[in-house]
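This report describes selected side-chain contacts and secondary-structure elements of one protein model. The sequence and the structure are shown first, and the discussion follows them.

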Amino acid sequence: MTATLGDILLVFLADSPGSAYELRQRHAQTFGADRGVDVLRVVASLTRQERLGHVRASGRRRGPRTYTLTENGQRRQRAWMLDVPADASGPDVLDRVLLAMAATDRVTFDAVVASCLVALESQRARPASRRREVVSAPDARAELEAMMASSAIRWVRHLAGRRRERDAAA
């Protein structure tokens with residue numbers, strides 16, 4: 001399942017309540033300005049999450065509203081973060097790791113990293129043969145995917161080590 005803006009916002013709200021503008025800013029800080037989202041899209045997603053019972057809004061109808069996670073929303077965001085399907089796309093797995101770095105406690109971070117590593121390991125299929133004189137496009141694609149998964153695994157392990165060092169120093 002690909003990360004939806006609603007899933008991402010639930011993770012941010014699990015960390016702390018916020019307005020649509022604050023959530024848009026946290027999204028840009030986590031994923032970069034090139035993946036920024038318009039505040040109207042954030043509001044639309046929050047409205048949908050409110051209808052689903054995942055968030056509660058407080059404040060004026062015509063002013064900044066603050067959104068908080070409901071108990072149902074907490075269950076939803078935790079399940080989404082931790083239940084990483086084996087066939088999750090590489091970008092989806094990496095988004096979860098970035099979210100875990102930005103917006104979760106240490107225990108949840110470790111659990112997310114473990115789930116993501118399992119998914120990445122399953123995607124790191126070995127190409128049938130590494131020494132062929134003529135490489136077909138499917139062989140080249142399989143080799144690329146294996147190398148990308150291996151690189152992502154090293155990156156996730158590196159981040160996990162850095163987080164442990166930071167937590168130990170604090």
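The side chains of Glu71 and Arg75 form a salt bridge, with 3.5 Å between N and O. Both residues belong to helix H4 and lie 4 residues apart, about one turn of the helix. Glu71 is exposed, its relative accessibility being 58%. The model is a predicted one, and the count of salt bridges in it comes to 6. Three of these pairs are treated here, and the table gives their N to O distances.

| Salt bridge | N to O distance |
|---|---|
| Arg76 and Asp7 | 2.7 Å |
| Asp92 and Arg96 | 3.0 Å |
| Glu71 and Arg75 | 3.5 Å |

**Helix H1 and its link to H4**

What does the salt bridge between Arg76 and Asp7 tie together? Arg76 and Asp7 meet through their side chains at 2.7 Å, N to O. Arg76 is in helix H4 (residues 71-82) and Asp7 is in helix H1, so this pair connects parts that are 69 residues apart in sequence. The accessibility of each partner can be stated as well: Arg76 is partly exposed, with a relative accessible area of 29%, whereas Asp7 is buried, with a relative accessible area of 3%.

The burial of Asp7 can be set beside that of helix H1 as a whole. H1 covers residues 5-15, and 9 of its 11 residues are buried; the helix is therefore largely enclosed by the rest of the structure. Among the buried residues of H1, next to Asp7 itself in the list, are Gly6, Ile8, Val11 and Phe12. Leu5, Leu9, Leu10 and Leu13 are buried in H1 as well.

**Arg96 in helix H5**

Asp92 and Arg96 form a salt bridge in which the closest N and O atoms are 3.0 Å apart. Both lie in helix H5 (residues 90-103), and because they are 4 residues apart, about one helical turn separates them. Asp92 is buried, with a relative accessible area of 2%, and Arg96 is buried at 0% relative accessibility. Arg96 has a further contact: its charged end sits over the ring of Trp80, 4.2 Å from the ring centre. As for contacts between aromatic rings, the count of aromatic pairs comes to 0.

**Helix H2**

Helix H2 comprises the 12 residues 20-31. At 1.5 Å a residue it should span 16 Å, and its end C-alpha atoms are 16 Å apart, which agrees. Which residues of H2 are buried? They are Ala20, Leu23, Arg26, His27, Thr30 and Phe31. Viewed down the axis of H2, these buried residues fall within an arc of 120°, so they line one face of the helix. Tyr21 and Gln29, on the other side of H2, are exposed. After H2 comes Gly32, which has a positive phi, near 95°.

**Strands S1 and S2**

In a regular strand the side chains alternate between the two faces of the sheet. Strand S1 (residues 55-58) has a covered face made up of Val55 and Ala57, while Arg56 and Ser58 form its uncovered face. S1 runs antiparallel to strand S2 (residues 66-69), and 4 bridges join the two. One residue of the covered face, Val55, has Leu69 as its bridge partner in S2.

Conventions: Residues are numbered from 1 along each chain as its sequence is written. This is a predicted model: local features need pLDDT of at least 70, side-chain atom pairs count only at pLDDT 80 or more; totals for chains, interfaces and linings use all residues. Side-chain values use heavy atoms; hydrogens and water are left out. Rings of Phe, Tyr and Trp (its six-membered ring) pair if their centres lie within 6.5 Å; planes under 30 degrees apart count as stacked, over 60 as edge-to-face and the rest as tilted. A charge sits over a ring if NZ of Lys or CZ of Arg is within 6 Å of the ring centre and within 35 degrees of the ring normal. Buried means under 20% relative accessible area, exposed over 50%, partly exposed in between (1.4 Å probe, protein chains only). Two strands pair if DSSP finds at least two bridges between them. A salt bridge is a side-chain nitrogen of Lys or Arg within 4 Å of a carboxyl oxygen of Asp or Glu. The expected span of a helix is 1.5 Å times one less than its number of residues. The arc is that of the directions from the helix axis to the C-beta atoms.
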